[in-house]
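This report looks at how two protein chains meet and at the enclosed spaces found in the model. Please keep the sequence and the structure in view while reading.

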Amino acid sequence: MERIIKTIKRYHLGPTIGLFILIFILSFATAKFFTFGNLRNVALQISVNALIAVGMTFVILTAGIDLSVGSTLALSAALASQLMVGHVSPWLAVIAALAFGGLAGALNGFFVAYAGLAPFIVTLGTMTLFRGMTEIYTNGMPIFNLPQEFAKFGTGTFLEIPIPVWVMALVFITAWVVLHRTIAGRRIYAIGGNERVSFLAGVPVKRYLLSVYVVSGILASLAGIILASRLGSAEPTAGVGYELDAITAVVLGGTSLAGGEGTLVGTLIGALILGIIDNGLNLLNVNSFYQDAVKGLIILAAIMLDRKKSSAR
Amino acid sequence: MALLEMKGICKGFSGVKVLQGVDLQVSGGEVVALLGENGAGKSTLMKILTGVYVADAGQIAIDGETVPIKAIHDAQNLGIEMIYQELNLFPNLSVAENFLIGHEDEFRTLGFVNYPLLYKKVAETMATLNLNRDPKELLGGLSVGEQQLVEIGKALQKDVRFLIMDEPTSALSRAETERLFEIVRSLKDKGVGIIYISHRLEELFTVADRVTVLRDGQFIATVKTEETTERELVALMVGRDIEERYPHVETTPTEIVLRAEQLSTQFVHEVSLEVKAGEIVGLGGLMGSGRTEVARALSGIDALKSGQIILEGRKLSLRTPIDAIRSGIALVTEDRKNEGLHLPFTIRENLALPTLDGRSRWGLIARQEERENAEHWVKQLRVKTPTIEQAVQNLSGGNQQKVVIGKWLACNPKLLIMDEPTRGVDVGAKQEIYQLMNQLKSEGKAVLLISSDLPELLGMSDRVYVMHEGVIMGELLSGEMEQEAFMRLATGGEV
């Protein structure tokens, strides 16, 4: 317990306080908020963003950034859907889409790690490239008529909890173990902390840089599959702007854009804050024009709280 | 001539007394060296003089008149300037623009920068410093020594009466150091009072008139340099007599551990050398002679063009540092902050990084062993820290260096290359590092020592190879360790 409090104090004081204030206010402001049904809904709503944000955490910890996730999501979803429409088994289609996501990530990783290009520029390029490819592939039209079996993946429940939430939990726990308990995780932090020192200490820097983008690509692809399954279609414009939501969640969670510092728990808190803001503003019937402005203010406030803690340390 | 006096200065931070009644005097045209180990209070004292901190008690007076220094600009208005050890320059701007920053008013014409005037003024300043560079050149293209001169030039732009120099020579070559001393002398002649901070004792005898020694925040003594010795200064600094500055142990070096044959890289040419078990071999030369580059070739950082590296009779092919570490070659890099340590990370994490592989099961970190490893080396190397969970950035230079060394000893290397192992380390920690080197030697390890501190290099090594422009010019054996012989080789002459 003491250790948990210590960790929270060190890394996530601002976001945790922000999260609790939000929950507190909303619980009083609207009776609908603190119900099992609504909280389950929040969990389902954040699952897509949380999955992307987990991958983004890996990338940002190495001082990189992945702007291509939204486009990767759309292209993977379109690929899986087209395969299923062509009567390929859903399982095979999903595996193919995930493999594609990994490949897309590997392309980013190759340019960043082996060609030495800036992550921002590389992924800005592939973001546009993948979006264009999606439009070409789908001819700009949504893909409908996905098999029933596939729809269950996004809309079904297990023990009252939606399957996407289970997927999110599983991915989260795996990623936590990797980042905080394995050598690979430690090396990812080390690379982000100081790439040169890591290289000289015998860390295969390039291989690790490549792999964080692969992780990000696969998780973006998984998010795309869940989204397509929930909506029952693959939209060519799916996932536009999702990269920014994911980055927001990561940064809200206290991870430094400079790399080497941050935690996965923070990212989850960040994703929760974003989800609860959306949910709460909807429950309170706030005019959608105001929703974005309010959201922006809350994000700034949370980050300020965090800054204050860092400078006091 | 103006006289600056600090009297009874006290300063504490959250209850810890850092300075307790320290006195310091410097008059115009005089160089006073401020000496003390890291943590003795030198930088706090200087920060009080320059207005970064305000003293809790005590007075600062110029010519007997108390002056209130409450902020940086108060000190600047009194003509007190400081040149910091870490350069505060912009490598991405031109030399002239570096002079411009902070002096914009002087070069402003109708809101625009008056570049012709700026270039003219800067060229004049540079000429007085013997700095033969174009003011339009990017600062980043200058050597560290030249950048240091730019920093001095910047300080001299104002009307300086008292100049503080913090370790100005720590990154300079011998020639650059000489040039710096000339500048110090000419400033002296102009009546500037100089406070000179350095860990290099032999330097003080060349440059300083008096030495003020601090220890643990207390004023210990002020002595005239002509009336003292290095040994006395060290004793004043550490509070006890250190018998030998460079302790030596006798071993009988046995088999050859490392043999480098005709190594050539982009930077060095046909370098051949040997290091035996139980031997400390020095590799010396002036700045830029290729010493560090030999170390880089031996540890898989720079690619070999030709030649071979043989470790314990086995030919190595090193493509990355990983290969070198696996083969048993470890390099303690010269740049602790940028190459040696993850500063915000804990001691435990830093000590474990190169050896994580060796202690894993299914890719998981063996956390118990990681902690034991850290506890072991912290104890073994006497790293002063409350816990292994301390971030290394909070440690003193000497303790940081011990962590770097520990990190590499944990790999159990056959050959340990130490590049500038005592740079920026105080006398006490230096002694410990020397003893550690001797211990490694007694245990039969092979050590290759690179150092620009000549007495240290000659004092600690059993043999010394001397480099000049990427080539080994010769070897000094144990009986021939003379500075003159070294300098002849290092400057390209014959023995």
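A salt bridge is counted where a side-chain nitrogen of Lys or Arg lies within 4 Å of a carboxyl oxygen of Asp or Glu. By that rule, two salt bridges are counted between chain B and chain A in this structure, which is a predicted model. In a salt bridge between A:Arg196 and B:Glu339, the side chains come together with a distance of 2.9 Å from N to O. Across the interface of chain B and chain A there are also seven residue pairs in polar contact, with both residues of each pair at pLDDT 80 or more.

On the side of chain B that touches chain A, the elements that each contribute two or more residues are H10, H11, helix H12 (347-352), strand S20 (364-365), helix H13 (367-380) and H14 of chain B. The largest share of this side comes from H11(B), which supplies four residues. Sorted by class, the side of chain B that touches chain A holds twelve nonpolar, six polar and nine charged residues.

The size of an interface is often given as the accessible area lost when the parts come together. For chain B and chain A, the area buried between them is about 2,100 Å², and 62% of it is on carbon and sulfur atoms. In terms of residues, 27 of chain B are in contact with 20 of chain A.

The model also contains enclosed spaces, and three cavities of 30 Å³ or more are counted. The table sets out two of them.

| Cavity | Volume | Nonpolar lining residues | Polar lining residues | Charged lining residues |
|---|---|---|---|---|
| Largest | about 100 Å³ | nine | three | two |
| Second largest | about 60 Å³ | three | two | two |

Which residues lie nearest the centre of the largest cavity? Of the 14 residues that line the largest cavity, those nearest its centre are A:Leu200, B:Ser299, B:Pro321, B:Leu331 and B:Trp408. Two or more lining residues each come from helix H10 (321-327), strand S18 (329-332), helix H11 (336-340) and helix H14 (397-409) of chain B. Helices H10, H11 and H14 of chain B thus appear in the lining of the largest cavity, and they are also among the elements on the side of chain B that touches chain A.

The second largest cavity is lined by B:His199, B:Arg245, B:Tyr246, B:Val427, B:Lys430, B:Gln431 and B:Tyr434.

Key
Residues are numbered from 1 along each chain as its sequence is written. Chains are lettered from A and ligands numbered from 1 in the order in which they are written. This is a predicted model: local features need pLDDT of at least 70, side-chain atom pairs count only at pLDDT 80 or more; totals for chains, interfaces and linings use all residues. Side-chain values use heavy atoms; hydrogens and water are left out. On a 1 Å grid over the protein atoms alone, a cavity is a set of points where a 1.4 Å probe fits but cannot get out, and a pocket is an open set with protein on both sides within 12 Å along at least five of seven lines; lining residues have an atom within 4 Å of a point. Grid points are joined across faces, edges and corners, and a volume is the space filled by probe spheres set on the points. Ala, Val, Leu, Ile, Met, Phe, Trp, Tyr, Cys and Pro count as nonpolar, Asp, Glu, Lys and Arg as charged, and the others, Gly among them, as polar. Contact means heavy atoms within 4.5 Å. Buried area is the accessible area (1.4 Å probe) that two parts lose on being put together, summed over both. A polar contact is a pair of N or O atoms within 3.5 Å; within protein, one must be able to donate a hydrogen and the other to accept it, and residues adjacent in sequence count only if both atoms are side-chain atoms.
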